[in-house]
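Me: I would like to learn how to read helix packing, burial and backbone angles from a model, one feature at a time. Could you take me through it slowly?

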Amino acid sequence: MLDYCVIIPAHNEAQYISYLLDSLTKQSLLPRQAVIVNDNSTDQTASIIDRYANDFPWITKVNSQTEASRLPGSKVVAAFEKGMEEINQPFDFIVKLDADLILPLDYFEKISGFFQTSPNAGIIGGFAYEKEGDQWKLNHPMGNDHVRGAFKAYRKACFDKMNGLRCSIGWDTMDELLARYHGFEVITVPELKVKHLRPTGSSYSKKAKYMQGQAMYKMRYGFGIAFLSMAKVSWKQQKPRYLWDSMIGYITSFFDKTERAVTKDEGKFIRSYRWKNIFQKISGK
């Protein structure tokens, strides 16, 4: 089996983090190291982490204070980077986890197996399920070839080629595009069902939707791809305002000449890849 390490950014997760850590400490394949980044929590998150760190020597707590003004995305990547600084064990793949999950107890054993049998795999993950009444139901608003940012596993070679994660909202789309740019595959595993305890998007504001448009500008999507991508999300979620807010974010970024998050060559690949997917869906292939 392959070795792995885990980084968990956590901000005010006292309600959920015990569930995650229970499922992590009971994995059939344990991590070499798990770093939990207590990101300026004001509840009991820190003391809960301390309890698990005392019981499991491979768990480490790191205190961090990322800027409160940062939006989901850049804030979580900044915390992740803080955790990366503390990794001192060798690993074959590195995992970023949200603190509000419950993992299947064989989750990482199976992830390890997929990395072993798929040598070109760069990013692997399961699917998220959220509770509706008494039922856990699939919640996967993106395409089936997308791994949710809440539980991403990166092969070390892929992570190194990407030069880590980009500190921007939209990072969990950017990483998959960059992995493909470097010749790696993104693999989703439907049978790995991860319970997500907090409803998707509950922490996102109008400003965050505005920043989604900025993220597409920073990824060099081009206006046409950005519009189609935002319209698709708006239609799927039945939220017309999403399209309006995100397009304002994109157009404002254009006129403000916001700094791009990818190079021109990376952007060229991203546009080509996106258009290819769009035409394939239109043609039904």
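Reply: What follows is a set of questions and replies on a predicted model.

Me: Let me begin with pairs of helices. At what angle do the axes of helix α1 and helix α2 cross?

Reply: The general idea is to compare the directions of two axes and then to ask which residues lie between them. Here the axes of helix α1 (residues 17-25) and helix α2 (residues 45-55) come within 10 Å and cross at roughly 15 degrees. Angles under 35 degrees count as roughly parallel, and α1 and α2 are therefore roughly parallel to each other. As for handedness, the crossing in which α1 passes α2 is right-handed. On the side of α1 the contact is made by Ile17, Ser18, Leu21, Asp22 and Thr25, and on the side of α2 by Thr45, Ile48, Ile49, Arg51 and Tyr52. Sorted by character, the residues of this contact of α1 with α2 are five nonpolar, three polar and two charged.

Me: Why would residues three or four places apart point the same way?

Reply: An α-helix has 3.6 residues a turn, so residues three or four places apart point the same way.

Me: Now for a second pair: are α6 and α10 roughly parallel or roughly perpendicular?

Reply: The axes of α6 and helix α10 (residues 264-283) come within 10 Å and cross at roughly 95 degrees. Since the range from 65 to 115 degrees counts as roughly perpendicular, α6 is roughly perpendicular to α10. The residues that meet are Thr173, Leu177, Leu178, Arg180 and Tyr181 in α6, and Asp265, Glu266, Phe269, Ile270, Tyr273 and Arg274 in α10. The contact of α6 with α10 divides into six nonpolar residues, one polar and four charged.

Me: Which residue of α10 could I follow into that contact, and is Tyr273 buried or exposed?

Reply: Tyr273, which has its place in helix α10, is a useful one to follow. With a relative accessibility of 18%, Tyr273 counts as buried, because the cut-off for that term is under 20% relative accessible area. If residues up to four places away in sequence are not counted, Tyr273 touches Asp145, Leu177 and Arg180. Although Tyr273 and Arg180 are 93 residues apart along the chain, their C-alpha atoms are separated by 9.1 Å, and their side chains are joined by a polar contact of 3.0 Å.

Me: How many of the residues of α6 are buried?

Reply: To read the burial of a helix, one goes through its residues and asks how many fall under the cut-off. In α6, nine of the 11 residues are buried, so this helix is largely enclosed by the rest of the structure. The buried residues are Trp171, Thr173, Met174, Asp175, Glu176, Leu177, Leu178, Ala179 and Arg180.

Me: Acidic residues appear in that list, so what does Glu176 contact, leaving aside its neighbours within four places in sequence?

Reply: When a residue that counts as charged is buried, one looks for its polar partners and then for its wider surroundings. Glu176 lies in helix α6 (residues 171-181) and is buried, with a relative accessible area of 4%. The side chain of Glu176 makes a polar contact of 2.7 Å with the side chain of Lys152. With its neighbours within four places in sequence left aside, Glu176 is in contact with Ile123, Asp145, His146, Val147, Lys152 and Val186.

Me: And what are the contacts of Asp175, leaving aside its neighbours within four places in sequence?

Reply: Asp175, likewise placed in helix α6, counts as buried at 2% relative accessibility. Beyond its neighbours within four places in sequence, Asp175 is in contact with Ile123, Lys152, Tyr154, Met162 and Leu165. Lys152 thus appears among the contacts of Asp175 as well as among those of Glu176.

Me: Finally, where does the backbone take a positive phi just after α6?

Reply: For this feature one reads the sign of phi and then checks whether the residue is a glycine. Just after α6, Gly183 takes a positive phi of about 90 degrees. Asn12 has a positive phi of about 50 degrees although it is not a glycine; Asn12 has its place in the loop between β1 and α1 and is partly exposed, with a relative accessible area of 28%. Asn40, again not a glycine, has a positive phi of about 60 degrees. Asn40 is found in the loop between β2 (33-39) and α2, and at 34% relative accessibility Asn40 counts as partly exposed.

Notes. Residues are numbered from 1 along each chain as its sequence is written. This is a predicted model: local features need pLDDT of at least 70, side-chain atom pairs count only at pLDDT 80 or more; totals for chains, interfaces and linings use all residues. Side-chain values use heavy atoms; hydrogens and water are left out. Axes are lines fitted to C-alpha atoms, for helices over the stretch in contact, and angles run from 0 to 180 degrees between N-to-C directions. Helices (H or I, at least four residues) and strands (E, at least two) are DSSP runs, numbered from the N terminus. Angles under 35 degrees count as roughly parallel, over 145 as roughly antiparallel, 65 to 115 as roughly perpendicular and the rest as oblique. A crossing is left-handed if the near helix is turned anticlockwise from the far one by less than a right angle, and right-handed if clockwise. Contact means heavy atoms within 4.5 Å. Ala, Val, Leu, Ile, Met, Phe, Trp, Tyr, Cys and Pro count as nonpolar, Asp, Glu, Lys and Arg as charged, and the others, Gly among them, as polar. Buried means under 20% relative accessible area, exposed over 50%, partly exposed in between (1.4 Å probe, protein chains only). A polar contact is a pair of N or O atoms within 3.5 Å; within protein, one must be able to donate a hydrogen and the other to accept it, and residues adjacent in sequence count only if both atoms are side-chain atoms.
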